[in-house]
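Here are three short exercises to work through with the model open beside you. Try each task before reading its solution.

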Amino acid sequence: MATAAADITDHHDDHGPAKGIGRWLFSTNHKDIGTMYLLFSLVMFFVGGAMAMVIRSELAVPGLQFVDPGFFNSMTTMHALIMVFGAVMPAFVGLANWMIPLMIGAPDMALPRMNNWSFWILPVAFGILLSTLFMPGGAPASGWTMYPPLVLQTGDAFPFLIFSVHLMGISSIMGSINVIVTIINMRAPDMSLLKMPIFVWTWLITAYLLIAVMPVLAGAVTMLLTDQFFGTSFFLAAGGGDPVMFQHIFWFFGHPEVYIMILPAFGVVSEIIPTFSRKKLFGHDSMVYAASSIAFLSFIVWAHHMFTVGMPLTGQLFFMFATMLIAVPTGVKVFNWVATMWRGSMTFETPMLFALAFVFLFTIGGFSGLMLAIQPADVQYHDTYFVVAHFHYVLVPGSIFALMAGAYYWLPKWTGYYYNETLGKLHFWMSTIFVNVTFFPMHFLGLAGMPRRIPDYSTQFADFNFIASIGAMGFGLSQLIFLLVLLTAKKGAKADDRVWEGAHGLEWTVPSPAPWHTFTTPPKNRIAEESF
Amino acid sequence: MSLLGITFASAAQAEWQLNMPTGVTELSAETYGLHMMVFWWCVAIGIVVFGVMIYSLIKHRKAAGAKPAKFTHSMTAEILWTAVPVVILLIMAVPAAETMVKLEDSRDPDLTIVITGYQWRWHYKYQDEGLDFYSSLALPSLEARGKQSGIDPNTVDNYLLEVDRPVVVPVGAKVRLLVTSNDVVHSWWVPELAIKKDAVPGMVNEAWFRATETGTYRGQCTELCGRGHGYMPIVVEVVEPDAYQAWVDTRKDGAPQVAATQ
Amino acid sequence: MTTHTDEHYYVPHGSHWPVVGSVGLLFLMVGISSWLNGADAAFYVFLLGLAIMVFMITGWFAEVIGESQRGLYNEQVDKSFRQGMFWFIFSEVMFFAAFFGALFYARNMSIPWLGGESNNFFTNLLLWEGFESTWPTNGPGNIGGEYQVMPPIGLPLINTALLLTSSVTVTIAHHALIADKRAQLKIFLASTFILGFIFVGLQAYEYIHAYQDLNLKLTSGIYGSTFFMLTGFHGMHVTIGAIMLMTIFFRVMKGHFTPEKHFAFEAVAWYWHFVDVVWIGLYVFVYWL
Ligand code: HEA
Ligand code: HEA
Ligand code: CUA
Ligand SMILES: [Cu+2]
């Protein structure tokens with residue numbers, strides 16, 4: 001540790017953080033920006049969650065009780081946009097900001113000023129998006145997929161929706177450029193690509209996906225804008241276009257997008273399981289290849305979201321086969337995690353618990369994904385609650401649980417203190433139980449024939465909807481425990497550099513809390529010993 | 001998890017509240033078969049993967065005195081768990097592709113109906129019978145659906161799943177559907193017929209079914225189409241051929257359009 | 001200060017430009033959205049946003065250029081900038097890919113389908129009877145009325161020649177910079193952006209011709225949509241590229257850049273080549289085939 005301390009106290013011309021609000025507004029420090037990303041995404045998670053609560057309250061029993069159908073659709077749309085672009089993606093960018101420089105021994109992100117900008121665009125983007133709730137005609141209500149011609153019936157909110165999506169895209173692209181450049185250019189000299197921690201690897205691939213697909217989304221919504229205001233005919237059959245063309249372009253973005261939300265989660269879990277198994281990650285290199293294959297395949301499966309749209313047979317066959325193939329590299333990941341645990345020496349602190357639940361529940365979500373990939377069966381599942389069940393399994397106990405796991409795992413490194421383990425465990429058990437109560441019955445609802453995006457339903461669906469709504473309230477309230485954990489985060493025992501007994505990696509060689517500046521000079525000869 | 005697996009498994013055998021309906025066409029039964037086949041494969045893989053994992057969680061705890069092993073990779077294992085899933089996927093893919101090919105073959109129908117989606121009702125046109133009508137949410141549901149209606153949905157028969165004028169088709173006939181839309185994208189879905197086809201403005205999609213049992217089959221619009229998306233149900237009545245003919249004849253005579261078909 | 005720039009990666013300490021940029025974007029986006037919704041006055045909000053953006057970009061770049069001139073950037077920082085620029089251009093490529101995708105989809109999918117091909121016999125029969133699949137087309141609804149096609153020879157060909165030449169001149173300028181021939185550098189750099197501006201001018205002329213003489217408009221069905229959106233976005237990029245080249249030119253006049261270190265020059269040159277390559281794609285698929 002002596003060497004580490006020497007590196008970090010080596011401050012020369014660097015000053016500490018600025019005082020007051022300026023520290024945050026003008027920040028170029030990856031840790032501060034990471035913190036802002038994480039807090040922003042937490043706020044958005046609560047806002048999006050509150051909207052989910054509106055949805056679940058309305059759906060608790062048959063009949064309309066609280067909201068109008070139009071407002072209900074707005075809630076569904078805004079819930080998804082906020083969760084996807086406001087909660088999950090920024091949260092992972094926050095983790096990337098905090099951890100990637102620490103993991104690869106870099107002094108900061110490669111382009112620190114741009115890093116600040118990519119964050120500060122987000123409040124603008126979501127400010128604009130949320131303001132649409134108060135506009136004539138209401139907030140966007142066309143689903144997060146924004147299919148024309150329906151989306152063109154949006155009121156005054158329409159251009160605001162388009163431009164806020166543009167802003168989210170700009171932010172993501174700049175954030176991703178920063179991540180890629182940091183990883184490629186800023187690694188400690190003796191860290192070769194294949195020695196990089198898996199979290200860094202998955203983020204490298206994710207950033208690549210983001211740069212490849214966010215501009216395509218921008219293009220798609222730009223076409224919506226010009227169709228609406230400037231008389232183009234991209235999505236108008238009479239003019240030689242096709243409404244379905246939007247769906248193709250959207251899902252060319254949309255499918256890689258879902259892997260954008262899960263690959264960093266894979267990365268987090270791949271860091272945590274070895275630590276608490278006290279055993280090196282099984283098949284590090286094959287994890288890298290698997291993640292790359294997933295990324296590659298994600299570009300050629302998009303039309304599995306469009307199996308009922310009337311594609312030619314050959315197209316449907318191709319997209320069905322390609323989609324099914326994704327189960328193979330994803331399976332490799334799951335098997336590698338299990339093999340990592342195998343004959344390890346496991347303990348079950350909160351991060352590990354969340355990571356384990358991730359492996360179980362993500363796999364269940366993956367299985368339902370595979371069922372959806374079977375085109376004839378998808379004809380029955382499509383646009384029902386079976387799909388809602390599928391993607392919440394991969395997103396909530398998937399992405400969100402991985403984020404929680406990561407937060408608990410690195411919290412002592414961020415604050416310098418252990419969080420309250422009892423509260424953490426309580427948070428975990430409540431979340432895990434309620435997440436299943438919420439989303440498992442949705443499988444049954446979908447199979448029994450309940451379409452998604454409806455504010456009211458036939459009475460035969462009442463029982464499971466009620467259960468799901470109870471579960472959702474329980475899950476939502478459980479998240480308040482996490483707030484409590486954060487508020488008491490500095491009340492626990494003092495954490496040492498290593499924090500966890502089995503932890504390995506450069507981030508565990510710097511003090512806890514990690515000083516404002518780390519690795520002003522790159523660490524030397526420590527990679528080998530850290531990747532044991 | 002295995003608990004969840006069992007719930008799902010028993011659910012699978014239970015009535016249509018829990019599982020996909022077997023339906024009343026040859027292809028709906030095939031679809032159901034595919035669904036169950038893939039489902040059972042997933043259960044099987046789940047049992048193996050989760051079984052190993054749970055065993056490890058119990059045996060390889062630090063608290064149980066486990067010492068960490070040193071191995072970090074195994075080529076044999078990697079190849080095995082890449083190859084085996086590929087084989088399983090092939091086993092699933094072949095029958096799925098076969099069913100898909102059949103689903104797409106709407107040639108030589110006995111009857112063709114053009115279905116047009118409107119915000120928010122369906123329009124049906126029997127192409128050769130020269131018959132056409134709109135079909136909207138039935139009055140009892142319509143009255144009960146409002147926020148302050150004061151009517152308990154539980155007291156309405158087939159709440160939100162009843163229409164004023166159902167589609168009537170003869171049993172055993174190959175019915176071809178030509179689906180399109182007048183405004184936004186809708187989707188025409190009847191689970192028991194295993195048909196879900198998007199109604200895209202400016203484009204016509206084809207689908208077909210041959211119902212083997214008479215009865216009343218209900219479905220809904222399944223593509224978000226605005227405020228009324230939850231309120232555009234579909235009812236298909238499959239009747240004996242002569243009953244069908246009688247229905248066509250009364251319709252042609254200009255019988256009042258509101259009259260129920262029974 | 002300069003002693004340890006070599007071993008230390010330069011991390012700036014605080015910058016207000018990004019936040020200024022965010023405020024600019026806020027005005028820009030709210031302004032244009034409200035304007036599109038019919039609030040005429042909002043156009044001034046948009047202009048204000050634009051002004052803030054210009055202020056931000058010049059301020060931010062001036063700061064970076066200043067730091068660069070003071071020698072704060074080591075080799076590694078230079079590399080970060082290069083890689084950053086590369087990925088930025090890649091994102092631009094993907095943006096254009098969306099519009100090329102729309103073009104290919106329309107030409108190979110939706111138009112044949114409207115004409116009854118593939119599994120769309122009834123699409124043609126029931127909805128668009130009589131429509132035959134051709135390209136170019138403004139669709140079965142004859143949206144925008146009769147129009148004439150922009151021929152590939154004539155102006156577009158001249159424009160192609162202009163852009164190709166400008167790609168050559170910028171390369172010559174680059175070689176001159178490396179060989180430290182400043183006079184040659186200035187001449188060829190200047191001719192590059194002049195060619196760029198001529199291109200934009202001719203493009204504008206072509207648009208006027210299209211609107212006035214050919215009745216070819218943005219509203220001329222899918223052909224008009226893809227034609228104007230693709231060439232329009234491209235023209236925007238040429239304009240931006242030419243402005244960037246001009247900036248570089250003024251920096252050269254001020255004596256910036258050395259044969260070893262001239263990231264900004266290279267970045268702009270890459271950008272210019274990218275604009276050029278997109279044009280080739282445009283020329284082939286929009287004008288020619
Ligand atoms: C994090 C997000 C995420 C992830 C990771 C996935 C993963 C997968 N998804 Fe999912 N999906 C979504 C998010 C995600 N999805 C969302 C948001 C939607 C809906 C969007 C909307 O309409 O609004 C959606 C919708 C969706 C559909 C369209 C459904 C419809 O609308 O009709 C389909 C169809 O094929 C699909 C398939 C898959 C498949 C095959 C995977 C695979 O990657 C899963 C692979 C994993 C496994 C299979 C489990 C582990 C593997 C093993 C243990 C190995 C052995 C297994 C076998 C051989 C079976 N998804
Ligand atoms: C990462 C993405 C993400 C996440 C995390 C979630 C989280 C949740 N989602 Fe969401 N969801 C989507 C992505 C996501 N969803 C998408 C893409 C769609 C499709 C949209 C479309 O069709 O266009 C969708 C649609 C969707 C629907 C279908 C709506 C419809 O079809 O009409 C439902 C219904 O139950 C639902 C529920 C929930 C619930 C209960 C949670 C819960 O996990 C949320 C829990 C969190 C909180 C509750 C916040 C924290 C707690 C508090 C603020 C305390 C106060 C709490 C109480 C008052 C109880 N979601
Ligand atoms: Cu019509 Cu939904
Ligand atoms: Cu997908």
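In what follows, buried means under 20% relative accessible area, exposed over 50%, and partly exposed in between (1.4 Å probe, protein chains only). This is a predicted model, in which local features need pLDDT of at least 70 and side-chain atom pairs count only at pLDDT 80 or more, while totals for chains, interfaces and linings use all residues. Residues are numbered from 1 along each chain as its sequence is written, chains are lettered from A and ligands numbered from 1 in the order in which they are written, and side-chain values use heavy atoms, with hydrogens and water left out.

**Exercise 1.** Find the protein donors of the copper ion (ligand 4) and place them in the chain.

*Solution.* Start with the cut-off: donors are N, O and S atoms within 2.8 Å of the metal (3.2 Å for Na, K and Ca), and since water is not among the atoms, sites may look incomplete. Three histidines qualify, A:His255 through ND1 and A:His304 and A:His305 through NE2, at 1.8 to 2.1 Å. Next, read their spacing in sequence, which is H-x48-H-H. Then place two of them: A:His255 lies in helix α8 (residues 243-277), and A:His305 in the loop between α9 (284-298) and α10 (313-325), so the pair ties together parts of chain A that are 50 residues apart in sequence. Helices here are DSSP runs (H or I, at least four residues), numbered from the N terminus. Now check accessibility: A:His255 is buried at 3%, whereas A:His305 is partly exposed at 22%. Finally, look across to the iron atom of ligand 1, which is 4.5 Å from the copper ion.

**Exercise 2.** Describe the shell around ligand 2 and its polar contacts.

*Solution.* First count the residues with a heavy atom within 4 Å: there are 32, and A:Arg56, A:His79, A:Trp144, A:His392 and A:Arg453 are the closest. Then sort the shell into 22 nonpolar, seven polar and three charged residues. For this sorting, Ala, Val, Leu, Ile, Met, Phe, Trp, Tyr, Cys and Pro are nonpolar, Asp, Glu, Lys and Arg are charged, and the others, Gly among them, are polar. Last, look for N or O pairs within 3.5 Å. A polar side-chain atom of A:Arg56 is 2.8 Å from a ligand 2 oxygen, and a backbone N or O atom of A:Trp144 is 2.9 Å from an oxygen of ligand 2.

**Exercise 3.** Which residues does A:Pro522 contact, leaving aside neighbours within four places in sequence?

*Solution.* Using heavy atoms within 4.5 Å as the cut-off, you should find A:Gly105, A:Ala188 and A:Pro189. A:Pro522 is itself partly exposed, at 31%.

Technical notes: Helix = DSSP H or I, 4+ residues; strand = E, 2+ residues; numbered from the N terminus. Polar contact = N/O pair within 3.5 Å; in protein donor to acceptor, adjacent residues only side chain to side chain.
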